[in-house]
Amino acid sequence: MDLLGVSSPREVIEKVAKHLGCSPTSREVAEYFDRHDKLRHLRQEFLFPKVAELPPSDLSLVDGSEECIYFVGNSLGLQPKNVKKYIDEELEKWAKTGAHGHTMGSRPWAWAENNLEDLMAKLVGAKTEEVALMNGLTVNLHLLMLAFYQPTTKRHKILLEDKAFPSDHYAVESQIRLRGFDPSTSMLLLKPREGEDTLRTEDIVSTIEREGHSIAVVMLSGVQYYTGQLFNMEVITKAGQAQGCYVGFDCAHAVGNAELRLHDWGVDFACWCTYKYVNSGAGGLAGAFIHEKHMDTVKPTLLGWWGHKLSTRFQMTNEMDLQPGVNGYRLSNQPVLLVCPLQASLEIFNQTSMKDLRKKSILLTGYLEYLIKHHYSRDESEPHKPHVHIITPSNPAERGCQLSLSFSLPIRAVFKELEKRGVACDMREPNVLRVAPVPLYNSFTDVHRFITVLESALAASNVQHD
């Protein structure tokens with residue numbers, strides 16, 4: 001996908017339309033982009049639900065034999081085709097070899113996840129020894145916070161965004177209480193300026209500079225789940241560390257979506273799930289990162305057998321021989337049946353690079369934004385025409401693939417009408433529809449189809465509203 005060059009998505013779209021001699025909103029533009037998409041073959045690595053297979057679909061409105069418009073990879077990624085094969089292999093191994101499977105085969109159960117950590121490290125921009133695949137996201141966040149959050153009477157605050165994902169909010173709140181502090185005074189919440197939807201980087205930095213003497217940990221999302229804003233993690237990390245704070249990120253919506261350089265940016269710690277953009281299935285194996293600079297200094301608070309070095313683990317001395325860095329935070333054997341889908345997905349990522357995926361993503365989401373603004377911007381001359389407001393930043397450097405949309409019509413009605421027409425996206429209270437064209441498997445034609453379906457969904461919603 002070399003179409004972008006130094007041009008903006010808008011310039012590329014209009015240039016291609018001019019070359020084709022058609023309107024920038026024509027389906028011909030989408031088809032041109034798909035023909036020239038060097039990553040289009042990766043779509044064939046995934047299983048796409050048919051419209052008829054989605055429970056909300058109304059087959060009187062849409063062709064059930066078509067593939068659905070799957071724009072909900074920000075919630076659950078599609079299933080890679082090799083998942084079933086890999087799971088079946090492990091079930092067969094269990095059936096035929098029993099306990100020997102712990103140490104035999106291509107995925108020895110005792111350390112199967114270790115074989116994937118180099119691939120995962122590539123996705124997050126880390127060294128292999130800085131990454132561990134284990135547990136679920138919130139478990140890992142608690143393990144990391146127990147080690148990095150060491151509050152004192154002078155430095156006890158944790159900085160996070162006001163509308164952080166509930167799980168992050170609850171984890172931070174409970175960590176503060178666990179240490180004997182009061183969340184009402186120790187949780188420092190970042191809010192956008194009046195009348196704005198997203199946080200400005202300069203406001204985050206100024207808060208850190210102003211309050212840094214009292215902040216123990218800066219703990220933000222990599223990509224904000226509700227608005228789709230991609231935070232400038234490098235700048236925030238430098239600002240926090242300059243004030244003596246540890247800086248960590250929940251990268252659930254960033255991994256597999258944005259180019260991450262956790263090691264180079266000097267991020268202290270991070271964690272993420274893998275069932276969104278990394279397509280490991282619901283409740284899939286999560287990841288954790290601790291920078292190598294903390295390898296011998298920041299120790300885990302809670303210990304488990306799997307944190308013991310493998311070379312001496314089975315000597316059963318009950319004298320901990322702790323693995324350095326994030327590996328020491330392991331508690332127990334990971335489920336091999338969760339390793340299998342993650343392996344299938346990471347092997348697909350390994351056929352390309354985050355740089356190339358990101359390049360496609362900028363144009364793919366830019367194309368969606370272009371069409372939405374063209375068709376559904378607010379028009380004062382037509383006050384009754386439905387319109388859409390994009391709350392996600394327009395600057396590609398400040399977002400991943402997701403656009404968060406708010407509507408002039410009741411959001412629930414729009415969502416239901418889209419679902420009836422074979423669109424998989426998701427709604428988040430109070431008033432946002434999250435739409436995520438994923439570069440690994442979505443096409444430009446998917447985007448054009450979505451805009452066409454959106455027209456009929458809004459028309460139906462408007463009739464209901466009237």
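The legends below describe three close-up views of a predicted model.

**View 1. Arg-330 and its surroundings.** Arg-330 lies in the loop between α11 (310-313) and α12 (336-349). Its relative accessibility is 3%, so Arg-330 counts as buried. The side chain of Arg-330 makes polar contacts with two other side chains: that of Glu-117 at 2.9 Å and that of Asn-327 at 2.5 Å. Leaving aside residues up to four places away in sequence, Arg-330 touches Glu-113, Asn-114 and Glu-117, the run Val-131, Ala-132, Leu-133 and Met-134, and also Gly-304, Trp-306, Gly-307 and Gln-323.

**View 2. Helix α5 and what covers it.** Helix α5 spans residues 137-148, 12 residues in total. From its first C-alpha to its last, α5 reaches 16 Å, close to the 16 Å expected at 1.5 Å a residue. The helix is mostly covered, with nine of its 12 residues buried. These buried residues are Leu-137, Asn-140, Leu-141, Leu-143, Leu-144, Met-145, Leu-146, Ala-147 and Phe-148. The elements covering them include the strands β5 (157-161), β7 (215-221), β8 (246-250), β9 (269-272) and β10 (287-290), together with helix α6 (166-178).

**View 3. A nonpolar patch on the surface.** Four residues make up this patch: Trp-305, Leu-310, Phe-314 and Met-316. Together they have about 420 Å² of accessible area. One of them, Leu-310, is in helix α11. Leu-310 counts as partly exposed because its relative accessibility is 37%, a value between the limits of 20% for buried and 50% for exposed.

Conventions
Residues are numbered from 1 along each chain as its sequence is written. This is a predicted model: local features need pLDDT of at least 70, side-chain atom pairs count only at pLDDT 80 or more; totals for chains, interfaces and linings use all residues. Side-chain values use heavy atoms; hydrogens and water are left out. Helices (H or I, at least four residues) and strands (E, at least two) are DSSP runs, numbered from the N terminus. Buried means under 20% relative accessible area, exposed over 50%, partly exposed in between (1.4 Å probe, protein chains only). A polar contact is a pair of N or O atoms within 3.5 Å; within protein, one must be able to donate a hydrogen and the other to accept it, and residues adjacent in sequence count only if both atoms are side-chain atoms. Contact means heavy atoms within 4.5 Å. The expected span of a helix is 1.5 Å times one less than its number of residues. Patches are made of residues with over 30% relative accessible area and no salt bridge: like charges are joined within 9 Å, nonpolar side chains (Val, Leu, Ile, Met, Phe, Trp, Tyr) within 5 Å. Accessible areas come from the Shrake-Rupley method with a 1.4 Å probe; for residues, only the protein chains shown count as cover. A salt bridge is a side-chain nitrogen of Lys or Arg within 4 Å of a carboxyl oxygen of Asp or Glu.
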